[in-house]
Amino acid sequence: MRFLITAVPTREPIDPVRYLSNRSSGKMGYALAEAALADGHAVTLVSGPVAISPPPEASLVSVETAREMYDAVAAHLPGVDVAIFCAAVADYRVASVAGEKIKKAEEELDLRLVKNPDILGSARTVFGFGGLLVGFAAETHDLARHALDKLRRKQCDLLVANDVSRREIGFDRDDNEVTLFFPDGTREELPRASKRSLADLLIARIVALPKQETQEMGRQDGPPAA
Ligand code: CTP
């Protein structure tokens, strides 16, 4: 199958030397790309800037900002069977990026932020994606409520959620512990494991999900937004 995986935090520039970003190492997304490749699939990896190396067999599309990631996903989604949105996308960007380094002349500095497009949320509605759609949610509280809300709102076939208030798993760690949420309201807690072995397990679960209509046929349950 053909996979598209988004990974890594995006960066939203403030001025030529500073940016806003999210706490995420990118390890989970890269582990998923490795696991999908190891299972014999073709992978397009749409990745923000990160210190770790991508698997050489993946087709890498490098981006920096959320809007660049949105455009890259729009361009590469046609023909894809499975799309996994693992990136920690910055929800907001700076409204007006300074052309020169901001000097610390003032005691206070206000940054006006504007919302970025929701890439996963656009997959069904804007891009008309009809393949298997997998989202991630990193939550600090009310994990199940938020995860189920995201699953339904973004029309996912699977939502992978983790509790980032727990220091021993999640951000920057090699291990992770996630709960899977399915559209029928069922859930499955996976045991704590290295991100790489968890990725193997997730790819096995994803390829076993009930197949969607092909993208060429389109979806019957909601017209794409204009
Ligand atoms: N995501 C995305 N584009 C965005 C924001 C999020 O593609 N601009 C994707 C993430 O990659 C992840 C999922 O959406 O798969 C959940 O992201 P999250 O930010 O937790 O969801 P939101 O709906 O933005 O909710 P919140 O208010 O918690 O930020």
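1. In this note, Ala, Val, Leu, Ile, Met, Phe, Trp, Tyr, Cys and Pro are counted as nonpolar, Asp, Glu, Lys and Arg as charged, and the others, Gly among them, as polar. On that basis, the shell of residues around the ligand comprises 7 nonpolar, 1 polar and 5 charged members. The model under review is predicted.

2. Composition of the shell. The ligand is surrounded by 13 residues, of which Phe85, Ala87, Leu120, Phe136 and Lys150 come nearest. Three elements each contribute at least two residues to this shell: helix H3 (119-125), strand E9 (132-139) and helix H4 (143-153).

3. Polar contacts of the ligand. The backbone of Phe136 places a polar atom 2.9 Å from an oxygen atom of the ligand. Asp91 contributes a polar side-chain atom, located 3.1 Å from a ligand oxygen atom. For Arg153, an N or O atom of the side chain lies 3.3 Å from an oxygen atom of the ligand.

4. Burial. The ligand taken alone exposes 570 Å², and the protein buries 77% of that area. The space that the ligand takes is the largest pocket.

5. A strand pair. Strand E2 (residues 12-15) and strand E3 (residues 18-20) run antiparallel and are joined by 3 bridges. The connection from E2 to E3 is a hairpin of 2 residues. Within this pair, Asp15 stands opposite Arg18 in E3. As a general point on such elements, side chains in a regular strand alternate between the two faces of the sheet.

Technical notes
Residues numbered from 1 in each chain as written. Predicted model: local features only at pLDDT ≥ 70, side-chain atom pairs only at ≥ 80, totals over all residues. Heavy atoms only, no water. Near = heavy atom within 4 Å. Polar contact = N/O pair within 3.5 Å; in protein donor to acceptor, adjacent residues only side chain to side chain. Areas by Shrake-Rupley, 256 points an atom, 1.4 Å probe, with all protein chains shown as cover. 1 Å grid on protein atoms, 1.4 Å probe; cavity = no way out; pocket = protein on both sides within 12 Å on 5 of 7 lines; lining within 4 Å. Sits in = over half its atoms within 2 Å of the grid points. Helix = DSSP H or I, 4+ residues; strand = E, 2+ residues; numbered from the N terminus. Pairing = 2+ DSSP bridges.
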